[in-house]
Amino acid sequence: MTSINLAFAGISIGAIAALSGIGLLVTYRTNGVLNIAQGGIAALVAYVFREMVVEWELPIWASALLSLVVISPVIGLLLERFVFRPLARRRASAAESLVASLGVLVLTVGMTAGIWGLGSRPDAPSLFPARAIRLPGNNRIGVDALAELALVVTVCVALGVITTRTRFGRQVRAVVDDRQLAELSAIPADRVAAAGWAVGTTLAGFTGILLAPRLQLTPYGLTLLVLETFAVVVAARLASMPGAVITALAIGILQSELSQFQVTGRFAALFLAVQSNLFVAALLILLLVVPRLRELGGDAGSTGRFSSRGASPSGPPGPADQRRDVLGKLGGAALLLAPLTFAPPDLRNAFTVPALALIFLSLVIVTGYSGQVSLGVAGYAGLGALLSAKLAAGALFGLPALPGPAALLLGALLVAPVGLLTGYPAIRRRGLTLALTTFAVGAVVSRFVFQQQTFVARLHVTPLTVAHRALSDRWFYVVELLCLGLGLLVVRNLHEGRLGRALLAVRDHTEGAAAVGVDVRNLKLLSFTVSSVVAGLGGALLMLGSSSFDPETFSPLNSLLWFTAVVVFGADSAAGAVVAAGFIVTIDTLAPAGSSTLAVGILALTLGWLPGGLASAVRGVITFLSGRLAEDLPYAAGAPLTPAGRQPVLSVPPSGALSVAPSTSVATAAVTPAGHRYPAPQNASALSPFGQALVAWVREGTRLAPVTGARMTR
């Protein structure tokens, strides 16, 4: 094929990516929500369209009308009404909207897999005829490419005219700028938001229908392909619709043009991987190059909204807390030890629980404790599995084959440099930029490492051996429990003491923590690095439990599923991570494939009513039943806020003036977890009330007093 023919072929895929990008921008500019569920909605509508044409034998035009005029916009209206409108009305943070969007993604993928299964469907019908038009110079262009390009241009121009030239466009801008102020001005904000969701999901459905004939239709494959087109909105910085269209067409044409080159030798596999995965490579490169996306609303990258313990950390645990913790630990230990009594087939199914719990614990470290959104944990887990297998087989850097336990631990430790390298650019990014960066890292590792024969060909998974004897199933499960205990010990040490208080300070208020001398940068790097090691250990155990390295186990979509599950069960709860792992494994064992994904998606949609996840709800019930509610009533009424016998950090006299107790003067130096001393601000009164409380809390561990209603005296 000539270069012109290849360019025309690239226009088709570029136009589809542009259509997906326009849908993302419409939803984002009208609601402030980056619709991570775009891929799941696209896959669901594509399967419905195929069902109508292939199974029900309806005409293509009738199936298209039903799919794009009825089903797709109804999905958007339902999402806006029952998922995102409650979040918008209570002015939820961007983190909560992100998690809700992930919940919708997991739910739609689970529905698709549950109804149609995980197998591929090669007979997806094409919406446009696959004919070619002859051009001068023996060049040809497909009718489908012309139709898709015309569709994108028409949609882009129409939306541009609507947003800039009509009254509805002015209402959209008003709602985006300040929803509450727009409602006070009699602008129907709910209708504007609903219209944005309807248009966005319709374009998502259009994207799925157009992409389905170009690949083997699978729930996960199509969803991931649409997610990779996020590169076009990153290039447009979530603002410019023409920029998204131009970027999509450019990447599509470049990907097609690269197919005419032939590279031989050691770089042939790498070139082929780049040529076939140019969108995901462009996503990571653009995220590293673009300084910051033009985000609407709050910050999703560093926030305390992932905490399941309430708005403020509490003081030292009381007797009721200690009894509850002891009972919880005993109950958890009993549940984890129970599989040792199972029959061999059931015990092998239980192998996944400790391994998956370790991966979830890594998310507790980076998300629950330091407040950073990490959507690429499957990449770290897969690297730990791959490195451990190569070390055990003696196929890494010419090293001799290592014993099983040594290969297991060293393979996990070798993930630490990867976590450090990927965490370094990530810590300078926040909000949606951070979330997309971590997802792109996981996607690149999956595409360019796990799916390349250069790295995984002839990979032999050696069973875990001790003293040259393979471990039995029960002893292997014991080793898994020991590794899980090691992970829990690491999490406990990171959570308690000055280091834990500093991490929680970074999570709850990054700027405030930095203002009082907390080394935010190194703490974030520490959380990313330790998290990657724990995830690598879990991934290695996951591989040994199944006796094979399966790249699909460590796919980017599993990263999204695992992150959502951890947030649902309590992002800052180590016990919640273990329960989440047991829940997923139990559902997958007892129910059809994809059921756990569907269950996690349904639970994720309850986060609007349970902001701290299920762990928060359980804690609330236990606290109520144990009588702690009565102890908190004086706190709500303004009584002393610290444990008995300790002087409050902040006191609010009846006059309303804010005073600081002399025994906790903020003029003293703040001590960081590493033992270094940072001088506190010379002028203590220059700190906000939150800053004053934060200094004392990091130093002494006392309760943060609510300062919302405090008034500074002049």
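This briefing describes the fold content, aromatic pairs, one helix contact, one buried leucine and two unusual backbone angles of a predicted model. The protein has 714 residues, of which 54% are buried, and its secondary structure comes to 31 helices and 8 strands. Among contacts with a separation of 6 or more, 78% are between residues 24 or more positions apart.

**Aromatic pairs and a charge over a ring**

- A search of the whole structure finds 7 aromatic pairs, including one between Phe 351 and Phe 476, whose ring centres are 5.0 Å apart and whose planes stand at 75°, so the pair is edge-to-face.
- This pair links distant parts of the chain, because Phe 351 lies in the loop between helix 15 (344–350) and helix 16 (352–369), whereas Phe 476 belongs to helix 22 (residues 473–495), with the two positions 125 residues apart.
- Phe 351 is buried, with a relative accessible area of 6%, and Phe 476 likewise counts as buried at 6% relative accessibility.
- Another aromatic pair, that of Phe 549 and Phe 554, is stacked, with 5.6 Å from centre to centre and 25° between the planes.
- Both of these rings belong to buried residues, since Phe 549 has a relative accessibility of 14% and Phe 554 one of 2%, each under the 20% limit for burial.
- Phe 549 and Phe 554 also belong, together with Phe 450, to one aromatic cluster.
- Elsewhere, Arg 81 lies over the face of Phe 82, at 5.5 Å from the ring centre.

**Contact of helix 22 with helix 23**

- Helix 22, which carries Phe 476, also meets helix 23 (residues 497–508), and the axes of the two helices come within 5 Å and cross at roughly 75°.
- That crossing angle makes helix 22 roughly perpendicular to helix 23, because angles from 65 to 115 degrees are counted in that class.
- On the side of helix 22, the contact is formed by Asn 493, Leu 494 and His 495, which meet Gly 497, Leu 499, Gly 500, Arg 501, Leu 503 and Leu 504 in helix 23.
- The residues of this contact divide into 4 nonpolar, 4 polar and 1 charged.

**Leu 358 and its surroundings**

- Leu 358 has its place in helix 16 and is buried, with a relative accessible area of 0%.
- Leaving aside neighbours within four places in sequence, Leu 358 is in contact with Cys 483, Leu 484 and Gly 487, and also with Val 534, Leu 537, Gly 538 and Leu 541.
- One of these partners, Cys 483, is 125 residues from Leu 358 in sequence, while the C-alpha atoms of the two residues are 8.2 Å apart in space.

**Positive phi outside glycine**

- Most residues other than glycine have a negative phi.
- Arg 237, although it is not a glycine, has a positive phi of about 55°, and this residue is found in the loop between helix 10 (231–235) and helix 11 (241–258).
- With a relative accessible area of 28%, Arg 237 is partly exposed.
- Ser 547, also a residue other than glycine, has a positive phi near 60°, and its position is in the loop between helix 25 (520–546) and helix 26 (556–568).
- Ser 547 is exposed, with a relative accessible area of 54%.

How values were computed:
Residues are numbered from 1 along each chain as its sequence is written. This is a predicted model: local features need pLDDT of at least 70, side-chain atom pairs count only at pLDDT 80 or more; totals for chains, interfaces and linings use all residues. Side-chain values use heavy atoms; hydrogens and water are left out. Rings of Phe, Tyr and Trp (its six-membered ring) pair if their centres lie within 6.5 Å; planes under 30 degrees apart count as stacked, over 60 as edge-to-face and the rest as tilted. Helices (H or I, at least four residues) and strands (E, at least two) are DSSP runs, numbered from the N terminus. Buried means under 20% relative accessible area, exposed over 50%, partly exposed in between (1.4 Å probe, protein chains only). A charge sits over a ring if NZ of Lys or CZ of Arg is within 6 Å of the ring centre and within 35 degrees of the ring normal. Axes are lines fitted to C-alpha atoms, for helices over the stretch in contact, and angles run from 0 to 180 degrees between N-to-C directions. Angles under 35 degrees count as roughly parallel, over 145 as roughly antiparallel, 65 to 115 as roughly perpendicular and the rest as oblique. Contact means heavy atoms within 4.5 Å. Ala, Val, Leu, Ile, Met, Phe, Trp, Tyr, Cys and Pro count as nonpolar, Asp, Glu, Lys and Arg as charged, and the others, Gly among them, as polar.
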